[in-house]
Amino acid sequence: MMQKPCILIGVPVQEGAGRLGCDMGPSAFRTAGLATELRRLGYTVEDRGNVVPAPLRELRHANASIKALAETVAWTEAIADAAYTTSREGVPIFLGGDHSLSAGSITGLARRAAEEGREFFVLWLDSHPDFHTLETTTSGNLHGVPMAYATGRQGFEGYFPKLHAPLKPENVCMMGIRSVDPAERAALATTGITIHDMRAIDENGVAPLLDAFLKRVAMADGILHVSLDVDFLDPGIAPGVGTTVPGGATFREAHLIMEMLHDSGLVRSLDLVELNPFLDERGRTALLMVDLASSLMGRRVLDRPTQSYRHTPQMNPYAQANPS
Ligand code: MG
Ligand code: MG
């Protein structure tokens, strides 16, 4: 079976974050060796360079706190196009850029899945739900709205691109949540989004929580997108982010999630977002994110029998590299 190529798409958007620096993220991921790691795993890798935002339109909103609305909308249009196009050709990996990127990636991927007649699911790894609408945001930083937009909440019409296929809230699983604003909390209570906050992870461990979600995706013969925000991780291991929140996922919790995702064979695309190289320490956060992406794409420490969610042949690069 021909392996689909990994398609790297740089998205140097920083206007959605509260501080500057995420525009250097794509460069840092490239410098940290993501393409090399993926090739080592046996993939063909195509680096498509960086997305260029669509032309700016003048946009005004009654919520005066909103920052960079026109710029964020212009990025969203271009990213959604890139996601829609590349998801037919391979496994797109979006190198952010702040999390407003996902307003484009998720909606473009959802459109593709709908055209293929497949259920579309999102695993959202973040300390924040990013579930504000344009009305409820008080910081005005639009990296806090992509999940609300992608799931079709009210108030984005006339500003953000029209949704081809809204993401079903019940097809979203959030893990690592530990910073939620009151308006988001109220809105989340009425959706069908599955939320595993850090307390749930403390009490259960990541494995049973993720396992239940993966089984749902597999049962629906679904397509899974993973959106990984740096601040999902504990700031002690991932300092290169503008929104550090204490008490995040550990190194092993994060790797276990990635290893289980690979074993599932369900993942078709990935966002790596909120890396701020200006705040990083000698590239350690960029390197950790590349390590996690490699785990998701199949790097493993030892060969071991794994639970298969779908009966498709899994690539095992370790076995190939070590025929003994
Ligand atoms: Mg986020
Ligand atoms: Mg976050």
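Me: What makes the reach of the Thr72 side chain to the backbone oxygen of Ala68 a polar contact?
Reply: The distance is 2.7 Å. A polar contact is a pair of N or O atoms within 3.5 Å; within protein, one must be able to donate a hydrogen and the other to accept it, and residues adjacent in sequence count only if both atoms are side-chain atoms. The pair therefore qualifies. The model is predicted: local features need pLDDT of at least 70, side-chain atom pairs pLDDT 80 or more, while totals for chains, interfaces and linings use all residues. Side-chain values use heavy atoms, without hydrogens or water, residues are numbered from 1 along each chain as written, and chains are lettered from A and ligands numbered from 1 in the order written.

Me: Why is Thr72 called buried?
Reply: Its relative accessibility is 1%. Buried means under 20% relative accessible area, exposed over 50%, partly exposed in between (1.4 Å probe, protein chains only), so Thr72 counts as buried.

Me: What makes Asp126 a donor of the magnesium ion (ligand 2)?
Reply: Donors are N, O and S atoms within 2.8 Å of the metal (3.2 Å for Na, K and Ca); water is not among the atoms, so sites may look incomplete. The protein donors, among them Asp126 (OD) and His128 (ND1), lie 2.0 to 2.6 Å from the ion. Asp126 also bridges to the magnesium ion (ligand 1), and the two ions lie 3.1 Å apart.

Me: How do you know that α9 is largely enclosed by the rest of the structure?
Reply: Of its 14 residues, 10 are buried, so α9 is largely enclosed. Among them are Glu253, His255 and Leu261.

Key:
Helix = DSSP H or I, 4+ residues; strand = E, 2+ residues; numbered from the N terminus.
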